[in-house]
Amino acid sequence: MSSDTDQMIVNIDKWVDKAKHDPEAYLERQATEIFLTALGTTPPCCDKFFLKGGLLMGIAYNSPRQTVDIDYSTIIEPNPEVIKDIREALDKAFPVTAVRLAYTEIICKIQTIKFFPREEGFDEFKAPAFKITIGYAKKGSPQERRLQEGKSSKVLHADVSFKEPIGGIQILRLGEGGSEIPAYSLNDVIAEKYRSLLQQEVRRRYRRQDVYDLDMLINQFSFDDEELKEILSTLLEKSHARNIHPDINSLQQEEIIARAKSEWETLKLEIGELPDFDACFDKVNVFYRALPWQA
């Protein structure tokens, strides 16, 4: 992992307040802020879990996509017992964090932890992961009792990946003087999204959101030669770790394009007005081909 660490100040209050018109979504985003802050500031996990994915896009890069699924990579060893210790630490941290954020009426509690592919032999798998559900409720509400019983219907979903190469990180400061949480760097976000597109057929996934996100980032930022070199290097490292060996033409495979396009129209539910897929994909492919493959 790169030793270079940038810092970005993000307005998480603005992200939370975007859902103020919808009480259920507003409560969900408040609970998400509690979880992000608790995980980012509580030992032993505070400097070993790195936010990525759609939630990072929304908080740091103003993506209009409405996803609140939480994705992380971690550099801790894939040991189920350590993960259970983290569960205990987070459950203790949630009430303190809620008070510090002035969300005194919100209760959070981890409901379930599931290991993938399975808990037995977890550390030996090539790409182990675990999923957490975090229940939340308002104090005094009917939902509070279900939360304490581990049966909350209001839950956040967090996925954590192990053994994932990480090229660089940045520190997100949640507002001026706010908590700091580690996250993927911009170059890592781009490399990961290209790897996810290339991995669609192997994982039987449809990643239309990555085309949208990549197009948005390419339009929003400019990249010098060193940054393009870093993106390619990170992309290759991430791909090789999953037994994928891309070249300059890999993104143009018919199966990759078809899978990315097949659910494109469903993005309207998240963002409203939707750009043309072909125009977005062409721009994403031009950027991909412009990486320094020959070097």
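The following exchange concerns helix packing, one partly exposed residue and some backbone features in a predicted model.

Colleague: How many of the 19 residues of helix 2 are buried?

Modeller: Helix 2 covers residues 23-41 and reaches 27 Å from its first C-alpha to its last, close to the 27 Å expected at 1.5 Å a residue. At its N-terminal end, Asp 22 acts as a cap, with a side-chain oxygen 3.1 Å from the backbone nitrogen of Glu 24. Helix 2 is mostly covered, and the number of its buried residues is 15.

Colleague: Are helix 2 and helix 4 oblique or perpendicular to each other?

Modeller: Helix 4 spans residues 80-100, and its axis lies 9 Å from that of helix 2. Among the residues that meet there are Ile 34, Phe 35 and Ala 38 in helix 2 and Leu 90, Phe 94 and Thr 97 in helix 4. The packing angle is about 120 degrees, whereas roughly perpendicular covers 65 to 115 degrees. The two helices are therefore oblique.

Colleague: Is the crossing of helix 6 and helix 12 left-handed or right-handed?

Modeller: Helix 6 (residues 186-198) and helix 12 (residues 277-289) pack at about 110 degrees, with their axes 12 Å apart. They are therefore roughly perpendicular. Ile 190, Tyr 194 and Leu 198 in helix 6 meet Val 284, Phe 287 and Tyr 288 in helix 12. The crossing of helix 6 and helix 12 is left-handed.

Colleague: Why does Glu 144 count as partly exposed?

Modeller: Glu 144 sits in helix 5, residues 142-148. Leaving aside residues up to four places away in sequence, Glu 144 touches Ile 107, Ala 137, Lys 138 and Lys 139. The C-alpha atoms of Glu 144 and Ile 107 are 7.8 Å apart, although 37 residues separate them along the chain. Partly exposed lies between under 20% and over 50%, and Glu 144 falls there because its relative accessible area is 23%.

Colleague: Which residue does a cis peptide bond join to Phe 116?

Modeller: One cis peptide bond runs from Pro 43 to Pro 44, with omega near 5 degrees, and Pro 44 is in the loop between helix 2 and strand 2. Another has omega of about 0 degrees and leads into the loop between strand 4 and strand 5. The residue joined to Phe 116 is Pro 117.

Colleague: What is the relative accessibility of Ala 102?

Modeller: Ala 102 is in the loop between helix 4 and strand 4. Its phi is near 65 degrees, a positive value in a residue other than glycine. Ala 102 counts as exposed because its relative accessibility is 59%.

Definitions and conventions. Residues are numbered from 1 along each chain as its sequence is written. This is a predicted model: local features need pLDDT of at least 70, side-chain atom pairs count only at pLDDT 80 or more; totals for chains, interfaces and linings use all residues. Side-chain values use heavy atoms; hydrogens and water are left out. Helices (H or I, at least four residues) and strands (E, at least two) are DSSP runs, numbered from the N terminus. The expected span of a helix is 1.5 Å times one less than its number of residues. Buried means under 20% relative accessible area, exposed over 50%, partly exposed in between (1.4 Å probe, protein chains only). A polar contact is a pair of N or O atoms within 3.5 Å; within protein, one must be able to donate a hydrogen and the other to accept it, and residues adjacent in sequence count only if both atoms are side-chain atoms. Axes are lines fitted to C-alpha atoms, for helices over the stretch in contact, and angles run from 0 to 180 degrees between N-to-C directions. Angles under 35 degrees count as roughly parallel, over 145 as roughly antiparallel, 65 to 115 as roughly perpendicular and the rest as oblique. A crossing is left-handed if the near helix is turned anticlockwise from the far one by less than a right angle, and right-handed if clockwise. Contact means heavy atoms within 4.5 Å.
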